Amino acid sequence: MLVQLQYLRAVAALMVVYFHAILQLAKVDPAIDATAFLYGETGVDLFFVLSGFVMWLTTSGSATSPIDFARRRIRRIVPLYWLATLFSAVVALAAPSLLKSTVFDLPHLTASLLFLPWPNAADPTTITPVVIPGWTLNYEMFFYFVFALLLPLSEARRIPAMFAVFAVILIACRLLPETIATRFYGEPIMLEFLAGVVLGWLYRQKVLLANRWAWAALATGFAFLFVNEALMQPESRFYAWGIPAIFILYGAVSIDFSRLPVLGWLNYLGDCSYAIYITHAFTLAFLRVAADRLPFGILQQPVLFVILSLVLSSIGGAIVHEITTPRRKVAAASRPPA
């Protein structure tokens, strides 16, 4: 059991919640300037590296067919995401004043449900789905698609083929006329998935860091993730944020966590991380609306607002996780599907 994967999934999800909570502060009270505390966007990069690692780990050494792989990924990703997307679309249609960054648009909704990049109807300059954080799932599903197609290859050929396919995609997107697709799939952030796959291969080959170097890599990765997020723009994320994420994961999986006490609550939040990620936008929207109605300006206190965002997003995600996860599958959490 790699409990550290659970921990990292929980940390990555809460990083994203924190990031969006800070963004919400300005909407709660325009007088609040919290930009100096705007961190956590790099949780996405950690998620991407984790995803590549887990996909390799769960398919290596087994005869997984592309259909079986796709079926498991769809079962894991689609139901909750579609539910959240349709709920957002209904709210945008029935009560548009409640949402600040979503308007009802049928082509946009259709593209979102199909995991296709599409300009956001509320802000056409951005390529985001109805549920804004779902832009990462568009990359995830594309990675799964390529990964599934290459599963029939032997493991020795699979990783080189994966690099070749993504290299061709990135180069083609740079050379072809600019479209929504070339803009979206031409982003090198997809290389973070491949980095995770390579780490998965190293782990299976037992090419790991010595314990002290593993802890050093873990600490250094988080330090540079924090520093680079402050110094580097998202346009440089695939190396400025992706490399620290690689250090974090490689250090974490090199450490024998079986010798350490299990943090049950963090392990459980790792199980709930996908639900937290998908639903936290609704929790933050609720808090923003509540901030205008509660007495004494309680939620205008930045620290309290952020704490409530983290706590309530975790609780909300846990509730959704419990409702949407069949009981017989909860026990399989020791092999997290990313």
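This report describes helix α9, the nonpolar cores and the aromatic pairs of a predicted model.

Residues are numbered from 1 along each chain as its sequence is written, and side-chain values use heavy atoms, without hydrogens and water. Because the model is predicted, local features need pLDDT of at least 70 and side-chain atom pairs count only at pLDDT 80 or more, whereas totals for chains, interfaces and linings use all residues.

**Helix α9**

Helices are DSSP runs (H or I, at least four residues), numbered from the N terminus. Helix α9 comprises the 21 residues 211-231, and its end C-alpha atoms are 30 Å apart, in agreement with the 30 Å expected at 1.5 Å a residue; the expected span is 1.5 Å times one less than the number of residues. Its buried residues (under 20% relative accessible area, 1.4 Å probe, protein chains only) are Ala214, Ala217, Leu218, Gly221, Leu225, Asn228 and Glu229. Seen down the axis of α9, they fall within an arc of 115° and so line one face of the helix; the arc is that of the directions from the helix axis to the C-beta atoms. These residues pack against α1 (3-28), α10 (237-240) and α11 (242-254). Arg212, Trp213 and Leu231, on the other side of α9, are exposed, that is, over 50% relative accessible area.

**Nonpolar cores**

A nonpolar core is a set of buried Ala, Val, Leu, Ile, Met, Phe, Trp, Tyr and Cys residues joined through side-chain atoms within 4.5 Å. The largest has 80 residues, of which Phe143, Phe147, Phe166, Met190 and Leu249 touch the most other members. Helix α5 (residues 135-150) gives the most to this core, with 11 residues. Leaving aside residues up to four places away in sequence, Leu249 touches Leu5, Leu8, Val49, Leu50, Phe53 and Leu199, contact meaning heavy atoms within 4.5 Å.

**Aromatic pairs**

Rings of Phe, Tyr and Trp (its six-membered ring) pair if their centres lie within 6.5 Å, and planes over 60 degrees apart count as edge-to-face. The count comes to 22 aromatic pairs. Two edge-to-face examples follow.

| Pair | Centre distance | Plane angle |
|---|---|---|
| Tyr7 and Phe257 | 6.0 Å | 70° |
| Phe69 and Tyr144 | 6.1 Å | 80° |

Tyr7 lies in helix α1 and Phe257 in the loop between α11 and α12 (264-271), so this pair ties together parts that are 250 residues apart in sequence. Tyr7 is buried, with a relative accessible area of 9%, and Phe257 is buried at 13%. Phe69 and Tyr144 are both buried. One aromatic cluster includes Phe69, Trp135, Tyr144 and Phe193.

Key. Helices (H or I, at least four residues) and strands (E, at least two) are DSSP runs, numbered from the N terminus. Rings of Phe, Tyr and Trp (its six-membered ring) pair if their centres lie within 6.5 Å; planes under 30 degrees apart count as stacked, over 60 as edge-to-face and the rest as tilted.
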